[in-house]
Amino acid sequence: MKIDGFLLAMLGAIFLAFVAPELGAPGGPLHMGLVTTLGIGFVFFLHGANLSRDALKAGAANWRIHAAVQGSTFVLFPLIGFAIFFGLPLLLTYEVRLGLFFLCALPSTISSSVAMTSLARGNVPAAVFDASLSGIIGMIVTPMLIATVVAVGGTSFPVLPAILDIALTLLLPFAIGQAMRPLIAAWLVANKRIINLLDRGVIVLIVYSAFCESTASGLWRQYSPWVIAEIALFAAALLALVLWLTAALARAWGFSLPDEVTTVFCGSKKSLANGAPIAKILFAGSPALGMIMLPVILYHQMQLIVCSILARRYAARATTPGGGESTMARARQS
């Protein structure tokens with residue numbers, strides 16, 4: 001497999017944050033707060049402009065896929081997150097548990113979900129619809145879920161101001177981009193590579209800013225390297241569990257192979273592109289921001305590697321005779 005340039009860029013940003021945190025910390029000379037806020041707004045404007053209404057209409061009809069994907073994203077994942085947050089206080093620190101729960105509360109990713117579904121010969125229109133719908137739902141549901149666990153810990157969390165802040169920072173630019181799509185769609189297609197670089201560049205800047213803040217506060221001196229390994233282990237176990245559960249659900253409902261592919265890939269993914277901006281808004285000023293984002297960063301890379309392998313296996317199944325039939329259909333034939 002090729003070396004992921006995006007991963008290298010994030011690792012480089014984290015390294016720089018450890019070496020010279022004062023540059024990107026609040027009040028530093030780079031003014032990362034303003035830079036990332038403007039970058040986030042621009043990126044979500046581009047996300048809105050890139051979203052095809054025809055693709056959304058094409059994928060809107062299959063309600064069972066939508067129920068499976070959104071149920072996995074906003075019911076199954078949070079239930080697992082609640083079990084980790086409330087069930088393991090003796091094993092994991094508060095910041096680690098909050099980071100793992102934040103991972104579970106995030107919406108699905110758009111670009112990689114659709115790309116993996118296409119590679120695996122799945123139902124691409126449904127993937128576009130569900131991944132896009134998940135991102136919009138997450139702007140409201142994610143802060144509400146975070147408010148629930150934070151409130152139980154005895155800390156007040158202003159959920160309505162958080163939702164309003166997310167709406168103004170993410171949803172408003174997204175809506176403006178969607179409204180302007182007829183005017184700039186051709187330009188976006190012609191400059192797709194530049195758009196992708198801008199998107200990933202803003203995420204790298206957010207990661208850099210978060211780790212600068214956490215390093216400057218002395219957070220990382222409180223944890224051993226084993227904590228990072230522990231988080232990676234939990235992230236890997238979470239990914240394996242949800243991949244298995246979404247596949248089992250799709251087969252139990254008798255989905256065709258293309259619909260199973262969409263359910264598995266859209267229902268198991270978590271969005272770093274949405275997660276980084278949402279974390280910056282919800283946990284603004286928190287020295288634990290880097291630790292809270294770490295599970296999302298690790299899970300993001302794991303899901304890309306594992307789902308790339310799965311996509312090729314699904315594609316191979318789709319080329320075999322009868323490979324695209326549903327589980328129930330094959331059972332009836334036998």
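**Cysteines, cores and a surface patch**

The structure holds zero disulfides. The model is predicted. Two cysteines, C266 and C307, illustrate the absence of such bonds. The sulfur of C266 has its closest cysteine sulfur in C307, 10 Å away, which is too far for a bond. The relation holds in the other direction: for C307, the closest cysteine sulfur is that of C266, at 10 Å. A disulfide requires the two sulfur atoms to lie within 2.5 Å. Both residues are enclosed by the protein. C266 has a relative accessibility of 0% and therefore counts as buried. C307 is likewise buried, with a relative accessible area of 0%.

The largest nonpolar core comprises 82 residues. Within this core, the residues with the most contacts are F102, I146, F265, L282, F283 and M291. The greatest contribution comes from helix 15, which spans residues 289-318 and supplies 13 residues. I146 shows how parts of the chain meet. Residues up to four places away in sequence aside, I146 touches F101, F102, A105, F157, L282 and F283. Three of these partners, F102, L282 and F283, are themselves listed with I146 for the most contacts inside the core. A second core is separate and has twelve residues. Among them are L51, I65, A68 and V69.

T262 touches two members of this second core, I65 and V69. T262 lies in helix 13, which covers residues 257-268. With a relative accessibility of 0%, T262 counts as buried. The cut-off for that class is under 20%. Beyond neighbours within four places in sequence, the contacts of T262 also include T117, G122, N123, A126, A127 and G267. C266, also at 0% relative accessibility, falls within the residue range of helix 13.

Nonpolar side chains also appear at the surface. L164, L168, L172, I176, M180 and L183 form a nonpolar patch there. Their accessible area together is about 590 Å². Helix 9, residues 159-179, gives the most to the patch, with four residues. I176 is found in this helix. At 39% relative accessibility, I176 counts as partly exposed, because that class lies between the buried limit of 20% and the exposed limit of 50%. T262, by contrast, is buried at 0%.

Note on methods: Residues numbered from 1 in each chain as written. Predicted model: local features only at pLDDT ≥ 70, side-chain atom pairs only at ≥ 80, totals over all residues. Heavy atoms only, no water. Core = buried A, V, L, I, M, F, W, Y, C linked by side-chain atoms within 4.5 Å. Buried < 20%, exposed > 50% of the residue type's maximum accessible area, 1.4 Å probe, protein only. Helix = DSSP H or I, 4+ residues; strand = E, 2+ residues; numbered from the N terminus. Contact = heavy atoms within 4.5 Å. Patch = residues over 30% accessible without salt bridge, like charges linked within 9 Å, V, L, I, M, F, W, Y side chains within 5 Å. Areas by Shrake-Rupley, 256 points an atom, 1.4 Å probe, with all protein chains shown as cover. Salt bridge = Lys/Arg side-chain N within 4 Å of Asp/Glu carboxyl O.
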